[in-house]
Number of protein chains: 2
Amino acid sequence: MAKQDFRSACSIARTLDVVGDKWTLLVVRDLMWHGKRTFQALQDSAERVPSNILAERLKRLAEWGLLRREVYQQRPTRYAYHLTDEGKSLEPVLMQIMTWGHKHLGGGRFDPKSGRSFAARTGP
Amino acid sequence: MAKQDFRSACSIARTLDVVGDKWTLLVVRDLMWHGKRTFQALQDSAERVPSNILAERLKRLAEWGLLRREVYQQRPTRYAYHLTDEGKSLEPVLMQIMTWGHKHLGGGRFDPKSGRSFAARTGP
DNA sequence: CCTAGTAACTTTCACATTGAAAGTGACTTT
DNA sequence: AAAGTCACTTTCAATGTGAAAGTTACTAGG
């Protein structure tokens, strides 16, 4: 999708046009906090994103300038993905989403500073 | 979806399981900031959500306890939707998403405090 | 009484997206 | 030569989306 095809002038609608789906922000999460760099590593995440979806999302994120694909090895050619500064700027968004989920849905919380995560709550 | 069906223990994945799609957060936005209360009003938003999608999302949000449907008039029966405290707690999430979109996608910004919005940027 | 209008959905159906699984190509390792 | 790895791509059935029309329950006007 190109910029002129945004649904509306609303910043929320526009952001959802870019990252508003089930998988995209999980890819960003893995690149941002979990040190994942390769297609394989991203695919091996807990949520088991299908490989065709992952490939499509990586392409979209690259088109939006949120990440870049780079060759990190020749023979055989291997690629590494990493967030651009624009991609990294999504961190506060991810943080708020994580905080809300932790509080209201009992998910686990990951602390980017310490690199540690706290277990999911089981009770309400 | 029930809580036991979450994809993973990750708070981000869980939050996306609940509100991670193209429309849900726009409904929350309209209830949170734009004073929309009725099905009709929600449907008349700038992004023109299809009525079947709107109905399904309202049902989902109610099942998750994020909003409530109430009769506000008999003969003929009319309904009003409004956010619960849990629903309202999504405000910081919406704010971050809006801020990011405003900065990176040139969308307009709405200020909940003043109730005013600033025009979308056209340049980069 | 009949027709038009409104709100709140629901139904229909063609089309798009998803996701599980298998396949491909370029290599390296055994 | 055979097996393995990585980075995808292809296939295809199932699911989801969205435009449009239909339904139900009323009120208002002629």
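**Figure 1. Surroundings of Val28(A) in the predicted model.** In this predicted model, Val28(A) touches Gly87(A), Leu90(A) and Leu94(A), when residues up to four places away in sequence are not counted. Val28(A) sits in helix α2 of chain A, which covers residues 24-33. Within 10 Å of Val28(A) there are 23 other C-beta atoms, and Val28(A) is therefore buried, the cut-off for a buried residue being 20 or more. One of the contact partners, Leu90(A), is 62 residues away from Val28(A) along the chain, yet the two C-alpha atoms are separated by 8.2 Å.

**Figure 2. Chain A as a whole.** Chain A contains six helices and four strands. Read from the N terminus, the order of the elements is α-α-α-α-β-β-α-α-β-β. The C-alpha trace of chain A spans about 50 × 40 × 25 Å along its principal axes. Chain A has 124 residues, of which 33% count as buried. Among the contacts in chain A with a separation of 6 or more, 33% join residues 24 or more positions apart.

**Figure 3. The hairpin of β1(A) and β2(A).** Strand β1 of chain A, residues 67-73, pairs with β2(A) in the antiparallel sense, and the pairing runs over six bridges. Leu67(A) has Leu83(A) of β2(A) as its bridge partner. Four residues lie between the two strands of this hairpin, where Arg75(A) takes a positive phi near 55°. Arg75(A) is also listed with the residues closest to DNA strand C. In a regular strand, side chains alternate between the two faces of the sheet.

**Figure 4. Helix α2 of chain B.** Helix α2(B) is mostly covered, with eight of its 10 residues buried. The buried residues of α2(B) are Thr24(B), Leu25(B), Leu26(B), Val27(B), Val28(B), Arg29(B), Asp30(B) and Leu31(B). Gly35(B) follows α2(B) and has a positive phi, near 65°. Among the buried residues of this helix, Leu25(B), Leu26(B) and Arg29(B) are also contacts of Ile12(A) in the other chain.

**Figure 5. The side of chain B that touches chain A.** In chain B, 37 residues are in contact with 37 residues of chain A. Helices α1 (11-19), α2 (24-33) and α6 (91-105) of chain B are the elements that give two or more residues to this side. The largest share comes from α6(B), with 11 residues. By class, the side of chain B that touches chain A has 18 nonpolar, 11 polar and eight charged residues.

**Figure 6. The rotation axis between chains A and B.** A turn of 180° with a shift of 0.0 Å along the axis lays chain B on chain A with an RMSD of 0.0 Å. The two copies are thus related as by a two-fold rotation axis. Both copies use the same surface, in that 100% of the contact residues of chain B recur in chain A. Of the residues of chain B, Asp21(B) comes closest to the rotation axis, with its C-alpha at 2.3 Å.

**Figure 7. The largest nonpolar core and Ile12(A).** The largest nonpolar core has 52 residues, and Ile12(A), Leu94(A), Ile12(B) and Leu94(B) touch the most other members. Two or more residues of this core come from each of α1 (11-19), α2, α4 and α6 (91-104) of chain A and α1, α2, α4 and α6 of chain B. Beyond its neighbours within four places in sequence, Ile12(A) is in contact with Leu25(B), Leu26(B), Arg29(B), Leu94(B), Ile97(B), Met98(B) and Gly101(B). In soluble globular proteins, nonpolar side chains tend to be buried together.

**Figure 8. The surface near DNA strand C.** DNA strand C is surrounded by 17 residues, the closest being Pro50(A), Arg75(A), Thr38(B), Gln40(B) and Asn52(B). The elements that give two or more residues to this surface are α4 (51-63) of chain A and, from chain B, α3 (39-43), α4 (51-63) and β2 (78-83). The residues of this surface divide into six nonpolar, six polar and five charged.

**Figure 9. The surface near DNA strand D.** Around DNA strand D there are 17 residues, of which Thr38(A), Gln40(A), Asn52(A), Pro50(B) and Arg75(B) come nearest. Chain A supplies at least two residues of this surface from each of α3 (39-43), α4 and β2 (78-83), and α4 of chain B also supplies at least two. Six residues of the surface near DNA strand D are nonpolar, six are polar and five are charged.

Key: Residues numbered from 1 in each chain as written. Chains lettered and ligands numbered in written order. Predicted model: local features only at pLDDT ≥ 70, side-chain atom pairs only at ≥ 80, totals over all residues. Least-squares fit on C-alpha atoms with pLDDT ≥ 70 in both. Contact = placed C-beta atoms within 7 Å. Near = placed C-beta within 6 Å. Nonpolar A, V, L, I, M, F, W, Y, C, P; charged D, E, K, R; others polar. Buried ≥ 20, exposed ≤ 12 C-beta atoms within 10 Å, placed from the backbone. Pairing = 2+ DSSP bridges. Core = buried A, V, L, I, M, F, W, Y, C linked by C-beta atoms within 7 Å.
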